[in-house]
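Reader: Before I accept the usual descriptive terms for a model, I would like to hear what each of them rests on. Could you take me through the reasoning?

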Amino acid sequence: MAIALDNLRVGRNYLLINQGEVRKLQIIDRLSGDNFKVKDLDTLEYYTIFELLQWGKGKDYDLDEIR
């Protein structure tokens, strides 16, 4: 079961699966509402959650915390 975007916490790591892409993310900052600045832990690039979800949520969408 996917975590809701408003339950994400700054400083924690998450696994995002969407549209066949798997990304390990760290939440860096809350920008506004449900939008967050995130760091991809594999490529070390920075994105926003809105950029990652701009094409919608696929059938395989899942968002879980990495412990």
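Author: What follows takes the terms one at a time, for a model that is predicted.

Reader: What makes S1 and S2 a pair of strands?

Author: Two strands count as paired if DSSP finds at least two bridges between them, and six bridges join S1 (residues 13–18) to S2 (residues 21–32), the two running antiparallel. Among the partners, Leu15 of S1 is bridged to Lys24 in S2, and Asn18 is bridged to Glu21. S1 and S2 therefore meet the criterion for pairing.

Reader: What makes S1 and S2 a hairpin, and what is the phi of Gln19 in the turn?

Author: S1 and S2 form a hairpin with two residues between them, and Gln19 in that turn has a positive phi of about 55°. The hairpin of S2 and S3 likewise has two residues between its strands, with Gly33 at a positive phi near 55°; there the strands pair in the antiparallel sense over six bridges, and Ile27 stands opposite Val38 in S3.

Reader: Why are S4 and S5 called edge strands?

Author: The open sheet has five strands in the order S4-S3-S2-S1-S5, with antiparallel pairing, and S4 (46–48) and S5 are its edge strands because each pairs on one side only. Neighbouring strands of this sheet are turned by 35° against each other on average, direction ignored. At one edge, three bridges join S3 (residues 35–40) to S4, with Lys39 opposite Tyr46; at the other, four bridges join S1 to S5 (residues 62–65), and Ile17 stands opposite Asp62.

Reader: How do you know which side chains of S1 are buried?

Author: Buried means under 20% relative accessible area, and by that cut-off Tyr14, Leu16 and Asn18, which point to one face, are buried, while Asn13, Leu15 and Ile17, which point to the other, are not. In a regular strand the side chains alternate between the two faces of the sheet.

Reader: What makes a group of residues here a nonpolar core?

Author: The members must be buried residues of the nonpolar kinds, joined through side-chain atoms within 4.5 Å. The largest such core has 14 residues, and those with the most contacts inside it are Leu5, Leu8, Val38, Ile49 and Leu63. S1, S2, S3 and helix H1 (49–52) each supply at least two residues of this core. Leu8, leaving aside residues up to four places away in sequence, touches Ile3, Tyr14, Ile27, Phe36, Ile49 and Leu63.

Key: Residues are numbered from 1 along each chain as its sequence is written. This is a predicted model: local features need pLDDT of at least 70, side-chain atom pairs count only at pLDDT 80 or more; totals for chains, interfaces and linings use all residues. Side-chain values use heavy atoms; hydrogens and water are left out. Buried means under 20% relative accessible area, exposed over 50%, partly exposed in between (1.4 Å probe, protein chains only). Axes are lines fitted to C-alpha atoms, for helices over the stretch in contact, and angles run from 0 to 180 degrees between N-to-C directions. Contact means heavy atoms within 4.5 Å.
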